[in-house]
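Dear colleague,

I am passing on to you the structure we spoke of, with a few notes on what was found in it. Please look it over when you have a moment, and read the notes alongside it.

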Amino acid sequence: GAVIRLSSLKQRLFLAQSKVRSFEEKYQNTLETLNANGLPDQADYVMHEDYLIWTHWAEVSAQCENDQSVLEKITSLGLFNAETGHHVGG
């Protein structure tokens with residue numbers, strides 16, 4: 001199950017990172033800079049909506065990266081843990 005979930009996470013991470021990059025290109029800025037400086041005074045409702053969606057995808061990206069890291073550690077153990085000489089889960 002972990003291998004299948006890892007594949008799914010990689011796909012979702014790719015999508016999330018693509019969305020974040022798209023907003024960075026559109027606004028020639030990073031979300032971190034916007035969070036530090038705030039939205040420009042002339043920001044319209046579209047930018048406010050984009051900011052919310054951008055924040056969502058940044059959070060999805062961070063969560064996927066974290067989950068991927070954990071699952072990669074799990075899958076690297078395989079079914080047999082050589083260090084302990086025990087089967088995983090038994």
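Not counting residues up to four places away in sequence, Asp50 touches Phe23, Lys26 and Tyr27, and its own place is in helix α3. Please keep in mind that this is a predicted model. Asp50 counts as buried because its relative accessibility is 9%, the limit for that term being under 20%.

Two of these contact partners, Phe23 and Tyr27, recur in the aromatic pairs, of which the count comes to 2. Phe23 and Trp54 form a stacked pair, at 5.6 Å centre to centre and with 20 degrees between the planes; since Phe23 lies in helix α1 and Trp54 in helix α3, this pair ties together parts that are 31 residues apart in sequence. Both of its members count as buried, Phe23 at 11% relative accessibility and Trp54 at 1%. The rings of Tyr27 and Trp54 have their centres 6.0 Å apart and their planes at 15 degrees, so this pair is stacked as well, and it links Tyr27 in helix α1 with Trp54 in helix α3, 27 residues apart. Through these ring pairs Phe23, Tyr27 and Trp54 are joined into a cluster.

Trp54 also belongs to the largest nonpolar core, which has 15 residues, and within it Trp54, Trp57, Val60 and Cys64 touch the most other members. The elements that give two or more residues to this core are α1 (2–27), α2 (31–37) and α3 (45–77). As for Trp57, if its neighbours within four places in sequence are left aside, its contacts are Arg12, Leu15, Ala16, Lys19 and Val20.

With best wishes

Definitions and conventions:
Residues numbered from 1 in each chain as written. Predicted model: local features only at pLDDT ≥ 70, side-chain atom pairs only at ≥ 80, totals over all residues. Heavy atoms only, no water. Core = buried A, V, L, I, M, F, W, Y, C linked by side-chain atoms within 4.5 Å. Buried < 20%, exposed > 50% of the residue type's maximum accessible area, 1.4 Å probe, protein only. Helix = DSSP H or I, 4+ residues; strand = E, 2+ residues; numbered from the N terminus. Contact = heavy atoms within 4.5 Å. Phe/Tyr/Trp six-rings, centres within 6.5 Å; stacked < 30°, edge-to-face > 60°.
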